[in-house]
Amino acid sequence: MLNDDDVLVVLSNAPDIMLAKRMAHILVEDGLAACVNLGAPSLSIYSWQGEIEGAEEIPLTIKTTAGRQQAVIEALSHLHPYEVPEIVVVPAIGGSAAYIDWVRRQTTHPGPQVPGQH
């Protein structure tokens, strides 16, 4: 069982860079995520409704806490144009204590905080 202040990594994607930036800004500005990394466009190959498809997507790596997990999932579901967006939550089982504390602080206090090295 996770505690509300346990750090999580949420993996998702966006169909283009503009939407990826918008999603990242909203998550951080609303205090739902401490940081969102946007990766380089990559090709996703998947099966959808019985067909093999491919699409270029922007990967998102979102750092948050268990207490914000449901709000992050809801925000991504609302912002995402896909019928079934990728939203995978992975617990962080360790890491730099300073970084873990920073993620907790950023997601405890809504609104912009002083940016750190992330």
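**Exercise 1. Placing Ser42**

Leaving aside its neighbours within four places in sequence, which residues is Ser42 in contact with? Work it out on this predicted model, and then describe where Ser42 sits.

*Solution.* Start with the contacts: beyond the neighbours within four places in sequence, Ser42 touches Ala55, Glu56, Glu57 and Pro59. Next, find its element, which is strand β3. Then check the surface: Ser42 has 31% relative accessibility and so counts as partly exposed, since that class lies between the 20% and 50% cut-offs. Finally, take one distance: 28 residues separate Ser42 from Ala14 in sequence, and their C-alpha atoms are 11 Å apart in space.

**Exercise 2. The loop after β3**

Find Gln49 and say what stands out about its phi. Is Gln49 buried or exposed?

*Solution.* First, locate the residue: Gln49 belongs to the loop between β3 and β4. Second, read the backbone angle: phi is near 50 degrees, a positive value, although the residue is not a glycine. For background, most residues other than glycine have a negative phi. Third, look at the surface: with a relative accessible area of 65%, Gln49 is exposed, as the cut-off for that class is over 50%.

**Exercise 3. The second largest pocket**

Describe the second largest pocket: which element gives the most to its lining, and how do the lining residues divide by type?

*Solution.* Begin with the space, about 240 Å³. Now go round the lining, which includes Asn13, Tyr46, Trp48, Glu53 and Tyr82. The elements that give two or more residues to this lining are β3 (42-48) and β4 (51-65). Of the elements, β3 gives the most, with 5 residues. Last, sort the lining by type: 5 residues are nonpolar, 3 are polar and 4 are charged.

**Exercise 4. Two helices and their buried sides**

List the buried residues of α1 and of α2. Why do they lie on the same side of α1, and what do the buried residues of each helix pack against?

*Solution.* Take α1 (residues 17-29) first. The helix has 13 residues and reaches 18 Å from its first C-alpha to its last, close to the 18 Å expected at 1.5 Å a residue. Its buried residues are Leu19, Ala20, Met23, Ala24 and Leu27. Because they cover an arc of only 135 degrees around the axis, they are on the same side of α1. There they pack against β1 (7-14), β2 (35-38), β4 and α2 (69-79).

Now repeat the steps for α2. Here Val72, Ala75, Leu76 and Leu79 are buried. Their arc around the axis is only 95 degrees, so they too are on the same side of their helix, α2. The buried residues of α2 pack against β1, α1 and β4.

**Exercise 5. Thr65 and Val103**

Place Thr65 and Val103 in their elements, then trace their contacts.

*Solution.* Thr65 is in strand β4, while Val103 is in helix α3 (residues 97-108). With a relative accessibility of 5%, Thr65 is buried; Val103, at 0%, is buried as well. Setting aside neighbours within four places in sequence, the contacts of Thr65 include Asp4, Val7, Leu8, Val103 and Arg104. Under that condition on neighbours, Val103 is in contact with Val7, Ala34, Lys63, Thr64 and Thr65. To finish, look at Ala34 again: its C-alpha is separated from that of Val103 by 5.1 Å, with the two residues 69 apart along the chain.

Note on methods. Residues numbered from 1 in each chain as written. Predicted model: local features only at pLDDT ≥ 70, side-chain atom pairs only at ≥ 80, totals over all residues. Heavy atoms only, no water. 1 Å grid on protein atoms, 1.4 Å probe; cavity = no way out; pocket = protein on both sides within 12 Å on 5 of 7 lines; lining within 4 Å. Points joined across faces, edges and corners; volume = space filled by probe spheres on them. Helix = DSSP H or I, 4+ residues; strand = E, 2+ residues; numbered from the N terminus. Nonpolar A, V, L, I, M, F, W, Y, C, P; charged D, E, K, R; others polar. Expected span 1.5 Å × (residues − 1). Buried < 20%, exposed > 50% of the residue type's maximum accessible area, 1.4 Å probe, protein only. Arc of directions from axis to C-beta. Contact = heavy atoms within 4.5 Å.
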